[in-house]
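Trainee: Please choose one part of this model and take me through it closely. I would like to see how that part is put together and what packs around it.

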Amino acid sequence: MRSKLLTEKFSSRSVVAHTVASRTRTAMPVRPVEPGASEPGASEADALCALDAVELAARIRRRELSAREVVAAHLDRIERVNPAVNALVTLDGEGALKAAAAADERAASGAELGPLHGLPIAFKDTHLTRGMRTTHGSPLFADHVPDEDELLVQRIESAGAIRIGKTNVPEFAAGSHTFNTVFGATLNPYDTTRSAGGSSGGAAAALAARLVPIADGSDMGGSLRNPASFCNVVGLRTTPGRVPSLPSGDVWETLAVAGPMGRTVADTALLLSVMAGPDPRSPLSLEVPDPAAYRAPLERDLTGLRVAYAPDLGGRVPVDPEVRAVVAQQVGVFEELGCIVVEDCPDLDGAESAFRTLRAQSFRQGFGPLLDTSRDALKPSLVWNIEEGLKLTGDDLARARAELTRLHLAAVAFFERYDVLIAPVSQVAPFDAESEYPTLIDGKPQHTYLDWMRSAYLLSTLGAPALSVPAGFTPSGLPVGLQIVGPPRAERAVLEIGAAHEAATGHGRHAPTLP
């Protein structure tokens, strides 16, 4: 009866925008719920929304749950919980329920079902969705409705996922704090006075708040990893080419990649299995001999695994003491799993200039014309980053490309000595949502909106997969993530190691309590 009522409740819903112009700090910090515990006043819909994506998909395939029940439960929770975090900014309940009904008919017919059959998903608001607005977090695109789906959207929906809406982003995905003048800020489910990170902040907050079971994201300087760390979920920065991004203004791009997010490592691997794979339009895209291999159990004995531990990336980044303490505890976790842990760091000389140069060039290429036509509509940090690109010369770009080549080759050599690298995802715990970025870390000034993201973006230059997994909490209950970096193209190995850490710690099972 509950599922029937939920379905009827949302059967007449049209496209709804949850718009929050600004948020004031009225909420108290939220302490996580212990594993296995229920939220106070949790409903049947909440219990269903708390299921892992792998379990949820299995129950739908076994016909223990219908896609309509699952979608209706998530819509019910979104209506009640999303106003507290502002993670979803466009919602199409009516369309989602129609798609769910079609999914149930397909299941009843005995047709082959995709691996994501019946799972609701809200796509990042920078990823094109046909017939559903894609704003890029900019007032210039506030009413933009694309006439095509991005490739990753096509792949995810072809695998059976059901689109329910879009997740919030910073303006043009610039920066690792999710706020914009179209929808306002996305707030952290563990403390709604704090940032959810970015640029995939809406996706991470939606996962943590149990509004969706899986989420897509993208990452240039930490846009998957930082919000995963801030929201106690999992995010995978993939090897360049693992998940092709199309359409694209630069098919040779290697710093910006797309990737999956989930509440568990297995959920993240499930989504990767349908996102990954070659496309002839993407010359860098990688073959995947067996995409289903990502869906196989992530079991691995870590005895003898060679782990490099870089608590501050070889002295290159300041790290907040509370974050450093949580990350340091992970050394013991890996040692108890039988690993050999040595403090060491890859060669990152030149990574700073290479990343900043190539990022500035990409901003110049993508947004340069907007300076002439719409400067006043752009946030100051975005204007600054575009102008940095306008200063570049051909020699600057040539040096950056040469440095990126050297860094990648050095990383390959580093991973001949070690199986994996562990390091902090972010140098700080979630910060005040009313600030654009932290201006001081462990006594060290941070002068631009990029400075505080070095622990993520320096490693972007290696061309290697990097997984953010929950590592624990600060004394005040704020999440901290651990970055697990493996050799280029070694997504499966990184996921296996992340799953072993997850099983040993259980930090990701601590859910926030939300109104």
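Mentor: Start with a rule for reading sheets: two strands pair if DSSP finds at least two bridges between them. By that rule E10 (residues 234–237) and E11 are a pair, since two bridges join them, and the two strands run antiparallel. One of the contacts to look for is Val234, whose bridge partner in E11 is Gly262. On this sheet packs helix H9, which touches E9, E10, E11 and strand E17 (466–473), and its direction makes about 140 degrees with that of E11.

Keep in mind that the model is predicted. The mean pLDDT of the chain is 93, with 92% of the residues at 70 or more. Confidence is highest in strand E12 (residues 306–309), at a mean of 99, and lowest in strand E1 (residues 15–16), at 34. Across residues 1–38 the pLDDT is below 50, although the model gives this stretch 96 contacts beyond near neighbours in sequence.

Now the whole sheet. Eight strands form an open sheet with mixed pairing, in the order E9-E11-E10-E17-E18-E14-E12-E13. At the edges stand E9 and strand E13 (340–343); each has a single partner strand, so each has one side without a neighbour in the sheet. From one strand to the next, the twist averages 25 degrees.

A second helix to trace is H15 (residues 491–505). H15 lies across E10, strand E14 (420–424), E17 and strand E18 (479–485), and runs at about 10 degrees to E17.

Phe334 links several of these elements. Beyond its neighbours within four places in sequence, the contacts of Phe334 include Val307, Val341, Ile422, Leu482, Ile484, Ile497 and His501. Val307 belongs to E12, Val341 to E13, and Ile497 and His501 to H15. Ile422 sits in E14, while Leu482 and Ile484 are in E18. Phe334 is also one of the residues that touch the most other members in the largest nonpolar core, which has 110 residues; Leu116, Leu119, Ile156, Leu313, Ile484 and Leu495 are the others named for this. The element that gives the most to this core is helix H11 (residues 351–374), with eight residues. Another core lies apart from it, with 36 residues, including Val81, Ala96, Ile164 and Ala203.

Ala203 leads to helix H7 (residues 201–208), where eight of the eight residues are buried. The cover over H7 includes the edge strand E9 (214–219) and also E11 (257–262), along with strands E2, E4 and E7 and helix H8. After H7 comes Arg210, with a positive phi near 65 degrees.

For contrast, look at the loop between H9 (265–275) and E12, where Glu299 is placed. Glu299 counts as exposed because its relative accessibility is 67%, and the cut-off for exposed is over 50%. Apart from neighbours within four places in sequence, Glu299 is in contact with Arg492 and Glu496, and both of these belong to H15. Ten residues along the chain from Glu299 is Tyr309, and the C-alpha atoms of the two are separated by 22 Å.

Last, return to H11. H11 packs against helix H12 (residues 380–390) at an angle of about 105 degrees, and the axes are 7 Å apart. The two helices are therefore roughly perpendicular. Among the residues that make this contact are Phe363 and Phe367 of H11 and Trp384 and Ile386 of H12.

Notes
Residues numbered from 1 in each chain as written. Predicted model: local features only at pLDDT ≥ 70, side-chain atom pairs only at ≥ 80, totals over all residues. Heavy atoms only, no water. Core = buried A, V, L, I, M, F, W, Y, C linked by side-chain atoms within 4.5 Å. Buried < 20%, exposed > 50% of the residue type's maximum accessible area, 1.4 Å probe, protein only. Helix = DSSP H or I, 4+ residues; strand = E, 2+ residues; numbered from the N terminus. Contact = heavy atoms within 4.5 Å. pLDDT = per-residue confidence, 0-100. Axes fitted to C-alpha atoms, helices over the stretch in contact; angles between N-to-C directions. Parallel < 35°, antiparallel > 145°, perpendicular 65-115°, else oblique.
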